[in-house]
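Please walk me through this structure, piece by piece. Keep the sentences short.

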Amino acid sequence: MSNSSKILLHQKRLDEIIYFLKPLIPLIDSHMVSFITDDLWHKFVPADLRLEYEETGSPSNVYELFFDSDCLSGNDRLRRFLRKAKSMSTTENGLFYDLDAFDSHLDSLGCKTSDTLKFDKFMCPKKTHEVGAMSRLAADVGRFLKVDTIVDIGDGKGYLSSVLALENRFKVLGIDASPVNSLGAAKRVEKMKKHWKGVRKKMIGADEDKLRVENVVYERCTEFVNDTTDVREIVLRNIGDTSCLGIVGLHTCGSLTSTCLRHFVKTDTFKFIINVACCHHLISQNDFPMSDHLKMASFSLTRNAKMMSLQPISRIIDDGHVKSDPLMYRAVFEHLMDHVLGLANISKPEVGRISAKCSNFVQYARKACSKLDLRLDMTDEEISTYYDTLRVQHESKLKFYFLLRLAVAPVIDNVILLDRLVFLMENGLEETSHVQMFDPVVSPRNYAIISMRL
Ligand SMILES: C[S@@+](CC[C@H](N)C(=O)[O-])C[C@H]1O[C@@H](n2cnc3c(N)ncnc32)[C@H](O)[C@@H]1O
């Protein structure tokens, strides 16, 4: 398929997703806090879904209604909605690869793929999973494109960079805005070097070269990277060689992903980029959308929508239930502030995450009032009755509302990912893909954007 046909395909996909999302924007942008006080149920749940739910009667387990297909009989509209949302979400659109499929794709390009290094030392299981998969892919792609220096932007404590240097023998430069992190990375790698030989010797494929640590090149630099940063000059200063570089970034927060992609686009000596984004809510208004296509459509996302895209849906499905108490406590407390304490139409301070420390609503209300310096003249029994009355009326609808938003969350994530993909393709970078690199239960921000200059 030619680059222009590929771009058109992806742009069309973006259009479909936006067409699906636009009527749901008010639902996405709403705050669960005001679910009861602002009657969000009637305002923002699509009427057909709301009526179907009310007609079929509230089921005892709303979670099963969403995630157990056997429970969907009699809820055809909800079933259709969920199917549509799933088809619009990251994992189902047929334009992204899973890791095995991407390996086959690399194979077809003539790139040899290798096995993921399995180590259980040096970092926690989540990091081990992420670094194992990402270092393996970066190493395969790096060798294929004859890259010898890799720049890890937003290097943090150097988990990925240290493995790329020690195991994969690239020269690595870690750049991070935080001096504390750069120092942490320096200490970590020294410790790692001490134990490397012993640990690596016990693993397969440990030839002599892989055991030596003296010639490992892993430098760090503390610098805030923005669009005007001269990354090549930093590499020149710290490593010396800038002829053939690769960029990686593992969980680059918010706008840092956009910055990395722009650096990749404008500098030909960067032969590949592999980036896994996180913290979408920190993406600035200037950094979404990136593609001309979405800019022309004047599509944007609020901070709340970007925040919602981060909901770890796979983890919630894995847990098998929704923790609705915190949501219900907060929504009832809002009602209580408006109707008992006379604070309606007044902007209120943040209550914060206090529900984990409360085993019932009475404790929650008392704690919240003390935090906000509010006087609540109600007995425990009165508070309890107040809560129970509202809970009976609203709890299952609140869960439904939460799950409806949750079903849409991966669709927003998909728009953000696809927009970046289209941006790279619009800039002539044909060999660009999204790859599901991590297990979403272990690591919810699990998609990498990978682009290569072949
Ligand atoms: C979520 S952490 C990830 C760290 C590391 N890559 C890892 O996987 O453990 C993001 C890192 O990016 C750094 N960072 C954020 N914005 C940055 C910027 N504009 N320039 C350089 N570093 C940045 C932060 O200091 C932080 O260490």
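Which residue in strand 8 does Ser433 stand opposite? The partner is Ile450. Keep in mind that this is a predicted model.

That pair belongs to the contact between strand 7 and strand 8. These two strands pair in the antiparallel sense, over six bridges. Strand 7 covers residues 431–436 and also pairs with strand 1, this time in the parallel sense, over two bridges. There, Asp98 stands opposite Gln436 of strand 7.

Now step back to the whole sheet. Eight strands form an open sheet with mixed pairing. Their order is 1-7-8-6-5-2-3-4. The edges are strand 1, at 97–98, and strand 4, at 218–222. Each of these edge strands pairs on one side only.

Move along the order from strand 8. Strand 8, residues 447–452, is joined by five bridges to strand 6, residues 270–278. The two run antiparallel. Within this pair, Asn275 stands opposite Ile449 of strand 8.

Helices pack on the sheet too. Helix 13, residues 255–266, packs on it and touches strand 2 (149–153), strand 5 (245–253), strand 6 and strand 8. The direction of helix 13 makes about 165 degrees with that of strand 5. Helix 10, residues 179–201, also packs on the sheet. Helix 10 touches strand 3 (171–176) and strand 4, and its direction makes about 165 degrees with that of strand 4.

Next comes the ligand. How many residues surround it? The count is 19. The closest are Gly154, Gly156, Ala177, Val225 and Leu250. Helix 9 (159–166), strand 3 and strand 5 each give two or more residues to this shell. Strand 5 gives the most, with four residues. By class, the shell around the ligand has ten nonpolar, six polar and three charged residues.

Away from the ligand, look at how helices pack on each other. Take helix 1, residues 3–21, and helix 19, residues 380–426. Their axes lie 10 Å apart, and the two pack at an angle of about 155 degrees. Angles over 145 degrees count as roughly antiparallel, and helix 1 and helix 19 are therefore roughly antiparallel to each other. Their crossing is left-handed.

Which residues make this contact? From helix 1 come, among others, Ile7, Leu14, Ile17, Ile18 and Leu21. Helix 19 meets them with residues including Val411, Val415, Leu418, Leu421 and Val422. Charged residues take part as well, including Lys6 and Arg13 of helix 1 and Asp419 and Glu426 of helix 19. In total, the contact of helix 1 with helix 19 divides into twelve nonpolar, four polar and four charged residues.

A second helix pair is worth a look. Helix 4 spans residues 47–56, and helix 6 spans residues 76–87. Their axes come within 8 Å and cross at roughly 135 degrees. That angle falls outside the ranges for roughly parallel, roughly antiparallel and roughly perpendicular, so helix 4 and helix 6 are oblique to each other. This crossing is left-handed.

The residues in contact are Asp48, Leu49 and Glu52 of helix 4 and Arg77, Leu78 and Phe81 of helix 6. By class, the contact of helix 4 with helix 6 holds three nonpolar and three charged residues, with no polar ones.

How values were computed. Residues numbered from 1 in each chain as written. Predicted model: local features only at pLDDT ≥ 70, side-chain atom pairs only at ≥ 80, totals over all residues. Pairing = 2+ DSSP bridges. Contact = placed C-beta atoms within 7 Å. Axes fitted to C-alpha atoms, helices over the stretch in contact; angles between N-to-C directions. Parallel < 35°, antiparallel > 145°, perpendicular 65-115°, else oblique. Left-handed = near helix turned anticlockwise from the far one by under 90°. Near = placed C-beta within 6 Å.
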